[in-house]
Amino acid sequence: MNIPPKKLLLGSLLVGSVGAVCYDVVSHLFRPVDQSSKYRKQYLNEQDDEKKIKILSQLNQSLNNHDLSESKVPFTTKKLVESLFEFAQKEKIDPQTQTVLIEIMKQISYEKRFCTNFLQLDGFKIILKFLESHFHDSVVLLTNVLKFEKKRATKVFLSEKYYPILIKELRNEKSSHHSVILSCLTWSCEYSLEVVTFLYEENIIELLISLFQKYYEGHASQNHSKEMSLICSLLTDICEKHEEARKLFADDQEMIHNLVLLIQSESEEVKEKGSSTNYTLLSDIYLFLSGLLESEECNKIIFEKANPLAFLFNQCLESQKDLNFIYAALKFISSCSQLNLYKEEIIAKKEHTKQIVDLLEIGNLKILSLIVKTLKFLSISVTLKNPVPVEPMIELEIIKKILPLLSIKPIDQESCTTISNSIVVIGNCCLPSEEARKQVRELNVIQKMVSLLDAKDDKIRVNSAFSLANMIMDPLNQPIFIKNQGLEKLFLLFNSEANLALFGVVILIRNLAAFGMEENGKISKQWTENVDKLIEIGFIQKLFSLMGSEKYYSLYNIVFESFMHLNNHPVINHMIRIINQQANMQTQKPQQGPNPLFFSQK
């Protein structure tokens, strides 16, 4: 492990001779913050304005020597922010003092505490006067507030009409402030549909495309990676939230073509140098293109002129250096899989699946979420006769590796989706594979999956039912499911009005009835007990009601299959006889749609 020299020195001193020398070293390490704090106290205690100005200059100089964005030492107080705002509102402040004030506020805006106080003290109105004279520093400050306060700050920012000011400056071709404006807009777009709508209605899309073309054309002579990266990032947010904007981008073939050329050139740079700047630009390009893959025209340009998937698998997923790059790569691969673009090519190469599965070791929740989403789309085409999509996953012990994801707390939509997708991957592996069904038994996955039938999230419950349906195709897994009150929990799901939920339940009942029925040429004792339990809980009556309902006509075939197997139980066979006799006694016209007279009894 590489340890910074200062920490090595400090460590050796602490172990050895302590006292004055050790104190000096510690003081030296933290002196910049201490100095700034000293000037902060002097400034707050001083009453004379002229002296306060001198102290402010000293404070600013001290802050210049210490990057607060990397500091773990709290510096800002509400009293300091309040005092700075009060000073900024004075009528007679010379330009140099104004510069010092805005620089100080910009530097301390890297602390969340400042940004919170900034909003509480109505800082947006205070800063308005600095936008004309100190535009760049003011926008950096505002961007930091947006980063820390997100939706709340964006709402205030929008209501204070700052956007027209930023857009006016963005339209200025000779402006040197494009980067900070784009960064500011990107942060606000991430949290506000209002901002996206405003940008669309103000025809900013065309402006952004024009700016991108300008930077692209000048990229060879002067590096514009940062600006192009910011534009792609901003466009990504706009596309995600605004369908009309997405269509507009998809139609701009020249820009898509240039993006593909950039992928090619930047990919070569990454191979040669591995520059973080190249990674950032590539990440933002891939994220942007991921949102445009639904367009056939875009696909033609992207895949006819380059092979982005090959680069992603050969370069990015092997390096595991840049997490943002890996996230963007997975997003692109996931989108391709979801839209069946080159999906079969990915599945055909087992090493591709291995590269995706290996990324589970990273442990980043955002990336883990995308990994299981990608694996879900890759495994979704699996059938009993086509186990190919999941074979490499099972070989790589995917069930064991994503099992911990079933235990993450479902605190938001992303965590719920991650759990749900993990359930689908496990279930898809169990559909064609005896080995997978054995693994879920040995790893206690069945018990965990049954517990998820109690989840508050609908998708988690429904997907758990489908996944369990595949697990119990192995008769050895059925007692575990029933012992853990799986049927009782499933019956609650049976009361759902949603067809998908009912379909999951009926599939599970069908599999419970179809697998493990015979043992040594006779009806097995376990199977009889399983069906007895179905009758006791009330499943059979519910199935009969589905057969006679036009509302659930889509479930007819699977319910029919269930009864074809359940009919081997004497009690159910007797129930069917009675229903048929009652139906035969009716003189009315044959009913339309589902009919309870579905087969002859034994």
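1. Is I165 buried or exposed, or does this residue fall between the two? In this structure, which is a predicted model, I165 sits in helix α10, the helix that spans residues 162-171. Its relative accessible area is 32%, and I165 is therefore partly exposed, given that buried means under 20% and exposed means over 50%. Along the chain I165 and E132 are 33 residues apart, while in space their C-alpha atoms are separated by 9.3 Å.

2. A second residue to look at in the same way is L365, which belongs to helix α23. With a relative accessible area of 39%, L365 is also to be described as partly exposed. The C-alpha atom of L365 is separated by 9.7 Å from that of I408, a residue 43 positions away along the chain. The helix that holds L365, α23 (365-379), is also one of those that supply at least two residues to the lining of the second largest pocket, to which point 5 returns.

3. For D532, the place in the chain is helix α33, which runs over residues 525-537. D532 has a relative accessible area of 35%, so this residue too counts as partly exposed. Its C-alpha atom and that of I572 are separated by 9.6 Å, although the two positions lie 40 residues apart in terms of numbering along the chain.

4. Two residues deserve a check of their backbone. Most residues other than glycine have a negative phi. D122, which is not a glycine, nevertheless has a positive phi of about 60°, and Y342, likewise a residue other than glycine, has a positive phi near 55°. Where in the chain do D122 and Y342 lie? D122 is in the loop between α6 (112-120) and α7 (123-127), and Y342 is in the loop between α20 (323-338) and α21 (343-348). D122 is partly exposed, at a relative accessible area of 33%, and Y342, with 33% relative accessibility, is placed in the partly exposed class as well.

5. The second largest pocket has a volume of about 610 Å³. Its lining is made up of 26 residues, and those closest to the pocket centre are V424, V462, N463, F466 and L500. Which helices each supply at least two residues of this lining? They are α23 (365-379), α26 (413-430), α29 (458-471), α31 (486-494) and α32 (499-514). The largest contribution comes from α29, which gives eight residues to the lining. Sorted by class, the lining has twelve nonpolar residues, nine polar residues and five charged residues.

6. Two of the helices that supply the pocket lining, α29 and α32, can also be described as a pair. Two packed helices are described by the angle between their axes and the distance between the axes. For α29 and α32, the axes come within 8 Å and cross at roughly 20°. Because that angle is under 35 degrees, α29 is roughly parallel to α32. In this pair, α29 passes α32 in a left-handed crossing.

7. How does α32 lie with respect to helix α35? The axes of α32 and α35, the latter made of residues 556-566, come within 9 Å and cross at roughly 25°, and the two helices are therefore roughly parallel to each other. The crossing in which α32 passes α35 is left-handed. Thus α32 takes part in the pairing with α29 and in the pairing with α35, in addition to supplying at least two residues to the lining of the second largest pocket.

8. A further helix pair is formed by α5 (residues 95-108) and α9 (residues 135-159), whose axes come within 9 Å and cross at roughly 25°. That angle makes α5 roughly parallel to α9, and the crossing of α5 and α9 is left-handed.

Conventions. Residues numbered from 1 in each chain as written. Predicted model: local features only at pLDDT ≥ 70, side-chain atom pairs only at ≥ 80, totals over all residues. Heavy atoms only, no water. Helix = DSSP H or I, 4+ residues; strand = E, 2+ residues; numbered from the N terminus. Buried < 20%, exposed > 50% of the residue type's maximum accessible area, 1.4 Å probe, protein only. 1 Å grid on protein atoms, 1.4 Å probe; cavity = no way out; pocket = protein on both sides within 12 Å on 5 of 7 lines; lining within 4 Å. Points joined across faces, edges and corners; volume = space filled by probe spheres on them. Nonpolar A, V, L, I, M, F, W, Y, C, P; charged D, E, K, R; others polar. Axes fitted to C-alpha atoms, helices over the stretch in contact; angles between N-to-C directions. Parallel < 35°, antiparallel > 145°, perpendicular 65-115°, else oblique. Left-handed = near helix turned anticlockwise from the far one by under 90°.
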